[in-house]
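Me: Got a minute to go through this one with me? I'd like to jump between a few topics.

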Amino acid sequence: MSAESWPPQLKEWVAKCLGQMTDANREEAQAELRGIISSAFAAKTLWSTDWNGLQLKSLMPKPPPVYNLKRKSVEGQLPGKKAKKANNNKTLAYVQDNFNDQAALNRRAERFQREHDIERNKAFQPSQKPPAKYNYRPAPAFDAAADPVRVVLYACHAVLTTFPLPQNVINWDRYTIVGTCQDIFKDYLRLTSEPKPETIRPYNVLQQTLLALKKKWKERCTYPWMCNQLKSLRQDLTVQRIKNEFTVQVYEIHARIALESIDMVEYNQCQATLRTLYDLGIPGKVEEFSAYRILMLLHGRNRSELNLYVGQLTPQQKADAAVKHALDLQRAMAMGNYHAFFELYTTAPNMGAYIMDHFIDRERAKALLVITKAYKEVPLTFITKELAFETLEDARLFLADHGADTFKDPRHPDSQKVLECKSAHAKIAEVFEEKYRRVLIKGAI
């Protein structure tokens with residue numbers, strides 16, 4: 001667990017708990033503290049847990065013993081005044097000791113919090129050497145306003161270093177680098193050795209890079225150059241372990257550009273990374289890319305994973321227009337309602353139509369199997385409109401490509417051509433088996 005993955009509320013709660021520990025309960029409380037944080041990390045709820053509302057059971061004051069106030073005879077006699085007074089003194093002494101112990105814990109927590117604030121302020125002064133009791137690595141100079149992620153990382157070490165890592169867990173903070181390169185554009189090169197700070201751009205330069213790349217794309221630059229630059233930007237974010245809203249924005253932009261350029265390899269890589277970032281609780285266009293994921297699962301005809309993924313969507317996500325469109329598309333395909341399918345194709349929100357383009361021919365061939373079996377003959381104009389072709393020529397070429405251009409009179413213009421369904425059905429069925437039974441998705445993860 002890196003410093004960046006600790007929510008601020010969790011750090012405050014850890015500091016509070018450590019301050020309330022005494023020599024008597026320290027071992028039990030630390031074990032309970034590690035167990036709670038490990039469980040939250042495994043369940044991916046570090047950011048969603050209300051840490052302020054949690055209380056360690058080992059730090060809660062012990063309840064006073066319950067005394068039986070009923071009179072009991074001892075050897076046939078009632079207890080005397082001396083015995084009753086002794087019991088009352090014991091109860092009073094227990095309550096007083098418990099009150100004093102709780103007050104001492106509160107004072108200790110306040111003192112620990114003051115020490116924590118002092119250490120945290122020292123983290124903002126790179127020239128000042130930290131105390132020996134904290135295992136800091138030297139903090140490089142950075143601009144707090146331009147690089148807030150680094151600020152959080154160094155400011156929180158006072159709390160994090162009080163939580164020693166197990167010996168078999170790598171402390172990745174030792175290997176985190178902060179880039180010093182000031183180049184806006186930089187070619188992507190695969191790393192074959194340890195990255196060097198002088199070849200990595202820092203956070204503030206990467207922000208300028210993204211703005212410049214967006215401007216270049218609007219000016220119609222070539223996709224290979226744009227893809228190269230975006231991969232270089234992603235690499236600089238990765239080696240510096242920067243995971244925030246800016247990181248999400250970079251991957252979302254690259255995914256959209258890849259869709260527009262029909263580069264499914266890069267799109268699938270971006271989509272896979274976005275799923276991880278969203279699971280960390282980092283905000284972004286979650287609904288938009290949830291809809292894209294449903295469309296990709298429809299493309300791959302992965303029904304089991306699709307049903308599992310749809311079952312995990314929240315009511316809020318299902319109410320989103322893009323997600324609702326994708327779910328309606330799923331329903332139309334499951335029911336074989338090709339009329340509804342092609343209407344949804346023409347009204348796809350965002351960039352959903354770019355994904356649908358990868359399996360639209362398959363669905364057109366499947367719809368033609370139904371149409372040619374139900375009708376004796378159909379006009380080409382009907383096929384063009386029903387299967388959402390842009391022109392009559394596109395529809396005719398599609399039929400020819402599938403060996404189904406069996407028109408009654410091929411010499412007629414396209415607007416008057418009529419398809420003979422019986423002979424066309426056999427051709428389409430044969431091509432469908434050869435061409436669409438297997439689904440190959442480039443770059444599928």
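Me: Let's start with R301: how exposed is R301, going by its relative accessible area?
Reply: This is a predicted model, to begin with. In it R301 comes out as partly exposed, because its relative accessible area is 29%, which falls between the 20% and 50% cut-offs.

Me: And where does R301 lie?
Reply: In the loop between helix 10 (286–300) and helix 11 (303–311). Its phi is near 55 degrees, a positive value in a residue other than glycine.

Me: What about I262, what is its phi?
Reply: Near 55 degrees, so I262 is also a non-glycine residue with a positive phi. I262 is found in the loop between helix 8 and helix 9 (264–279).

Me: Is I262 buried or exposed?
Reply: Exposed, because its relative accessibility is 60% and the cut-off for exposed is over 50%.

Me: OK, switching to confidence. What's the average pLDDT of the protein chain?
Reply: It averages 81, and 72% of the residues score at least 70. Residues 126–139 stay under 50, and the model has 21 contacts beyond four places in sequence for them. Residues 155–160 also stay under 50, with 17 such contacts.

Me: How many helices and strands are there?
Reply: The protein chain comes to 19 helices and two strands. It has 445 residues, of which 39% count as buried. Of the contacts between residues at least 6 apart in sequence, 65% join residues at least 24 apart.

Me: Let's zoom in on helix 2. What span should its 17 residues have?
Reply: 24 Å, at 1.5 Å a residue. The end C-alpha atoms of helix 2 (residues 26–42) are 24 Å apart, so the two values agree.

Me: Which residues of helix 2 are buried?
Reply: A29, L33, I37 and A40. Looking down the axis, they fall within an arc of 60 degrees, so they line one face of the helix.

Me: Why would spaced-out residues end up pointing the same way?
Reply: An α-helix has 3.6 residues a turn, so residues three or four places apart point the same way.

Me: What do the buried residues of helix 2 pack against?
Reply: Helix 1 (8–20). On the other side of helix 2, E27, E28 and A42 are exposed. Just after the helix, K44 takes a positive phi of about 60 degrees.

Me: Now aromatics. How many aromatic pairs does the structure hold?
Reply: Nine. One of them is Y203 with F246, which is edge-to-face, at 5.6 Å centre to centre and 75 degrees between the planes. That pair links distant parts of the chain: Y203 is in helix 6 (residues 203–218) and F246 in helix 8 (residues 245–260), 43 residues apart.

Me: Are Y203 and F246 buried or exposed?
Reply: Y203 is buried, at 6% relative accessibility, and F246 is buried too, at 7%.

Me: What kind of pair do F389 and F398 make?
Reply: A tilted one, because the planes are at 55 degrees; the centres are 5.4 Å apart. F389 counts as buried at 11% relative accessibility, and F398 is buried at 8%.

Me: Which rings are linked into a cluster?
Reply: F341, F342 and F359 are linked into one by ring pairs.

Me: Last one: which charged residue sits over the ring of Y309?
Reply: R293, with its charged end 5.3 Å from the ring centre. There's also K417, lying over the face of F407 at 6.0 Å from the ring centre.

Key
Residues are numbered from 1 along each chain as its sequence is written. This is a predicted model: local features need pLDDT of at least 70, side-chain atom pairs count only at pLDDT 80 or more; totals for chains, interfaces and linings use all residues. Side-chain values use heavy atoms; hydrogens and water are left out. Rings of Phe, Tyr and Trp (its six-membered ring) pair if their centres lie within 6.5 Å; planes under 30 degrees apart count as stacked, over 60 as edge-to-face and the rest as tilted. Helices (H or I, at least four residues) and strands (E, at least two) are DSSP runs, numbered from the N terminus. Buried means under 20% relative accessible area, exposed over 50%, partly exposed in between (1.4 Å probe, protein chains only). A charge sits over a ring if NZ of Lys or CZ of Arg is within 6 Å of the ring centre and within 35 degrees of the ring normal. pLDDT is the predictor's confidence in each residue, from 0 to 100. Contact means heavy atoms within 4.5 Å. The expected span of a helix is 1.5 Å times one less than its number of residues. The arc is that of the directions from the helix axis to the C-beta atoms.
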